[in-house]
Amino acid sequence: MDSIDAELKPQPSSNPGAPSGRDQGRKRVVAVLSLLGATLFWAGNYVVGAGAVQSIEPLSLVFLRWTIALVPLLVIAQMVERPHWRSVLGAWPWLLALSVCGLLGYNLLLYFALEHTDAFNASLINAFNPALITLAAAVFLRERLTPLSVAGVLIALAGVLIVISGGDAGRLLATGFGTGEMLMVGAVVVWTAYTVIGRLAPKIPPITATAVQAAVAVVLLAPVRFATGGLALPSTGNALASLLFIAVFPSVLSYLLWNRALTVLPAGGAGVFLNLITVFTAVLTILAGHVHTAAQLLGGAIVIGGVVVTNAPNFRRQRKARRVQG
């Protein structure tokens, strides 16, 4: 990950047809706003999802989510990315693995977790993900792991334990982990696997990849859903509104906004914005009337601090690269 370069001054160019500094600055502003929108909608998935699982059980919620999102994702992929579908389908083993880990595994574990813990707690545990991904990349992808990165992972892990234990380590030793917290830890592990597989997989346009993974998720989940009691449709107006929000905003619009921003900003710089999911979730839950504990706030701050420390080497490399290019 990397920090967003806030320097928007016009840069001289020897190419008279090159975009002006003002145009570049405007594009960066739009990119940053796109990232803010994407992370806000992903945060909304926690808050709205916590309410949705009270009336739509998780299997049905995941199935309906990707069924509704599938058509717009396919249409947008064709209009924006114009993929070579034969090549895309040739990578089906990778897309199958990605769909099982990400669109199915992560979301099922998340929604099952939200039946037992609150949205803010879930987002705090999820904030540990970038640190765990750094560790997994070192183990499975042979990426360099510095002592500073190790320290950051340990700091972030300490923050997660504070959140899970409610600030009482003795209680954690006496009663163990809560069901919701354990499910959320499982979701983080599954998403880490998704990320590692994604780095090894053939390069496929991102919206196209998401659309195909959504199709795989629907095909795999349909027989399971109907074999275990049929499809549970939303029974109230609020449940239907929650489902439509989840299917449209975090499932479609977040991906569009995120990938739009990546055409302007480096992936590392965009990655920093993922930490805002926890911040936005905290704000949304406060607006909904939820009171956060001191352990949640302290643990969350430690987790995010650990993630920043973990990625400090990446920050330095990106700054050096910008100086060389400049």
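This report describes a predicted model of one protein chain, from its overall make-up down to single residues.

## Overall make-up

The protein chain has 326 residues, and 47% of them are buried. Its secondary structure consists of 15 helices and 0 strands. Among contacts between residues at least 6 apart in sequence, 88% join residues at least 24 apart. The exposed surface of the chain comes to about 15800 Å², with carbon and sulfur atoms supplying 68% of that area.

## Confidence

The average pLDDT of the protein chain is 82, and 84% of the residues score at least 70. By helix, confidence is highest in α4 (residues 92-114), with a mean of 96, and lowest in α15 (residues 312-325), with a mean of 58.

Residues 1-16 have a pLDDT below 50. In the model this stretch still has 35 contacts beyond near neighbours in sequence. Where pLDDT is low, the predicted coordinates should not be read in detail.

## Nonpolar cores

The largest nonpolar core holds 73 residues, of which Trp66, Phe128 and Met184 touch the most other members. Helix α2 (residues 58-81) is the main contributor to this core, giving 11 residues.

Apart from its neighbours within four places in sequence, Phe128 is in contact with Val153, Ala156, Leu157, Val160, Val188 and Val303. There is also a second, separate core of 7 residues, and among them are Ala91, Leu95, Val212 and Val216.

## Helix α11 and Leu243

Helix α11 covers residues 237-261, 25 residues in total. The distance from its first C-alpha to its last is 34 Å, close to the 36 Å expected at 1.5 Å a residue. The helix bends by about 35° at Leu253.

Leu243 is part of helix α11. Its relative accessible area is 3%, under the 20% limit, so Leu243 counts as buried. Outside its neighbours within four places in sequence, Leu243 is in contact with Ile56, Leu61, Leu64, Arg65, Ile68 and Pro234. The C-alpha atoms of Leu243 and Asn45 are separated by 9.9 Å, although the two residues are 198 apart along the chain.

## Helix α13 and the residue after it

Helix α13 takes in residues 276-287, 12 residues in all. At 1.5 Å a residue it should span 16 Å, and its end C-alpha atoms are 16 Å apart, so the expected and modelled spans agree. Its buried residues are Ile277, Thr278, Phe280, Thr281, Ala282 and Thr285. Gly289 follows α13 and has a positive phi, near 95°.

## Two arginines with positive phi

Arg82 has a positive phi of about 45° although it is not a glycine. Arg82 sits in the loop between α2 and α3 (85-90). At 60% relative accessibility, Arg82 is over the 50% limit and therefore counts as exposed.

Arg142, likewise not a glycine, has a positive phi of about 60°. Its place is in the loop between α6 (129-140) and α7 (147-165). With a relative accessible area of 69%, Arg142 is also over the 50% limit and so is exposed.

Technical notes:
Residues are numbered from 1 along each chain as its sequence is written. This is a predicted model: local features need pLDDT of at least 70, side-chain atom pairs count only at pLDDT 80 or more; totals for chains, interfaces and linings use all residues. Side-chain values use heavy atoms; hydrogens and water are left out. Helices (H or I, at least four residues) and strands (E, at least two) are DSSP runs, numbered from the N terminus. The expected span of a helix is 1.5 Å times one less than its number of residues. The bend at a residue is the angle between axes fitted to the seven residues ending there and the seven starting there. Buried means under 20% relative accessible area, exposed over 50%, partly exposed in between (1.4 Å probe, protein chains only). Contact means heavy atoms within 4.5 Å. A nonpolar core is a set of buried Ala, Val, Leu, Ile, Met, Phe, Trp, Tyr and Cys residues joined through side-chain atoms within 4.5 Å. pLDDT is the predictor's confidence in each residue, from 0 to 100. Accessible areas come from the Shrake-Rupley method with a 1.4 Å probe; for residues, only the protein chains shown count as cover.
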